[in-house]
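Work through these exercises with the model in view. Try each task before you read its solution.

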Amino acid sequence: MKISIIGTGYVGLVSGVGFASKGHDVTCIDIVDEKVDKINRAEPPIYEEGLEELLKDVVSNEKLKATTDTGKAVKETELTFICVGTPSKQDGSVDLSGVEKAVQDMVQPLKEKDEYHVFCVKSTVVPGTTEEKVLPILEKSGKIVGEDFGLGMNPEFLREGIALEDFLNPDRIVLGGWDENTLKVLSEAYGRFQVPKLKTDIKTAEMIKYTSNALLATKISFANEISRICESIGIDVYEVMDGVGLDHRLKRDFLNAGAGFGGSCFPKDVKALVNYAKEKDQETKLLNSVLAINEEQPVHIINRLEHISEGVKGKKVAFLGLAFKGGTDDVRETRALPMIKRLLELGADVIGYDPEASENFDELLPGKIRYTDSREEALEDADICIIQNDWNEFKNLKPKDFEPMRGKIIVDSRRLLNRENFTDDLIYIGVGV
Ligand code: UDX
């Protein structure tokens, strides 16, 4: 099948490479020449595990190419996925300008095309957007939905860092379609995926994406709330959640207490859903609390440290992990930011280290902290060490790794370390224990 994909961010490019590896002929479209050239040279403009290798394969056997020419790509294919970014506006609502611009570029080719074509939104958009915002733009072509073209919505559930693996081996595929013809084309695109496929109307598909992310975020904030109770009574929230998670109705996943959720999806999508509900005159007491707990949690960790260490003023803090999670240089909504801001307010001297994210983090807090190129250097003479994300190099740290420190306090805000290894020499402060 001939597929075009507009937008070559991690969703668009990963989907393109994934579809091409399943035998489809894929054309990726982007407005940035440099990205297009890179893709055609089989160099991924972003890092995702396994992407470089698979991109090489599909470019060399001519299953995938990239272009800036939307018109030609739409005309030469049967199905177009819209995968451009939908960032948050100041008020939490979704900024649709990228999607609208991309769809606008498809009006002329649709007008000139004689064959049936399906347009499918993959970008995360609130219910109603595809039919109320995208469709009217396409209709400017004079063509009729349901006759000349189809309209669909197919949400993605890709985790950054392992997006290719998530694309190739999903738990499920959700296909929202205007009509049976649209759903037939979308099902064909996913023909080689042997997983449950749920076919719905377009609004339901849009809502499934927001609801999934909101429930995952809720599980995390729930675990963080319970973790504070556990801390106050001296028991371990991880053990509690292990017990809870054995009930088949309550999966253990995403019940890991920590510094809260960051990244490009959870905070943005929960805020967008809250904002959308408000527009529909609906209250979101639970989701408001999910967001509030997520804001409090990083500050709670630092306040607890301040209490146990009898003040952090003037103390040197080695801060390990600046990205929102390990394995990425992405600092969007990273919990490192509120944690470090609180440390600075309390007068600490912060030295940051992250294998990939220092440069990006410095843009969030220009010149406010120092950075090192290695973990060892950050720990040298530090009074306190705080681990914020789950890079592999932090996972197996042993008490001896902290020997170069001057002080004794280790804050494990993702519960990576085996606390039983820590004896009285070092004070281990784990979230939720
Ligand atoms: C998420 C969703 O998992 C994915 O389905 C969606 O398409 C995009 O958003 P991502 O943002 O890449 O993916 O990261 P994920 O690995 O899900 O983690 C999100 C945040 O939650 C991270 O900050 C992580 O540290 C935190 N988290 C996750 C917890 O604090 N506890 C957990 O139990 C799980």
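**Exercise 1. A salt bridge across the chain**

Task: Which atoms bring Arg415 and Asp236 together, and where does each residue sit?

Solution. Step 1: the side chains of Arg415 and Asp236 form a salt bridge, with N and O 2.9 Å apart. A salt bridge needs a side-chain nitrogen of Lys or Arg within 4 Å of a carboxyl oxygen of Asp or Glu. Step 2: Arg415 is in the loop between β13 and β14, and Asp236 is in the loop between α10 and α11 (237–245). The pair links distant parts of the chain, 179 residues apart. Helices (H or I, at least four residues) and strands (E, at least two) are DSSP runs, numbered from the N terminus. Step 3: Arg415 has a relative accessible area of 15%, so Arg415 is buried. Asp236 has 10% and therefore also counts as buried. The cut-offs are: buried under 20% relative accessible area, exposed over 50%, partly exposed in between (1.4 Å probe, protein chains only).

This is a predicted model: local features need pLDDT of at least 70, side-chain atom pairs count only at pLDDT 80 or more, and totals for chains, interfaces and linings use all residues. Residues are numbered from 1 along each chain as its sequence is written, and side-chain values use heavy atoms, leaving out hydrogens and water.

**Exercise 2. Phi at Arg415 and Glu333**

Task: What is the sign of phi at Arg415, and what is it at Glu333?

Solution. Step 1: recall that most residues other than glycine have a negative phi. Step 2: Arg415 is not a glycine, yet its phi is positive, about 55°. Step 3: Glu333 is not a glycine either, and its phi is positive, about 55°. Glu333 lies in the loop between β9 (316–320) and α14 (336–345).

**Exercise 3. A salt-bridge network**

Task: Which residues join Glu333 in one network?

Solution. Step 1: Glu333 and Arg335 meet in a salt bridge, 3.6 Å from N to O. Step 2: check the cover. Arg335 is buried because its relative accessible area is 3%. Glu333 has 33%, so Glu333 counts as partly exposed. Step 3: salt bridges that share partners join Lys271, Glu295, Glu333 and Arg335 into one network. The structure holds 26 salt bridges.

**Exercise 4. Checking two helices**

Task: What span should α1 (residues 10–21) have, and what span does the model give?

Solution. Step 1: the expected span is 1.5 Å times one less than the number of residues. Step 2: α1 has 12 residues, so it should span 16 Å. Its end C-alpha atoms are 16 Å apart, which agrees. Step 3: repeat this for α10. Its 32 residues should span 46 Å, and its end C-alpha atoms are 48 Å apart, which agrees. Step 4: look just past each helix. Gly23, just after α1, has a positive phi of about 105°. Gly234, just after α10, has a positive phi of about 70°.

**Exercise 5. Cover along α1**

Task: How many residues of α1 are buried?

Solution. Step 1: 11 of the 12 residues of α1 are buried. Step 2: find some of them. Among them are Tyr10, Leu13 and Phe19.

**Exercise 6. The loop after α16**

Task: Is Asp383 buried or exposed?

Solution. Step 1: Asp383 lies in the loop between α16 and β12. Step 2: its relative accessibility is 16%, so Asp383 counts as buried. Step 3: Glu380 is in the loop between α16 (375–379) and β12 (384–387). At 43% relative accessibility, Glu380 counts as partly exposed.
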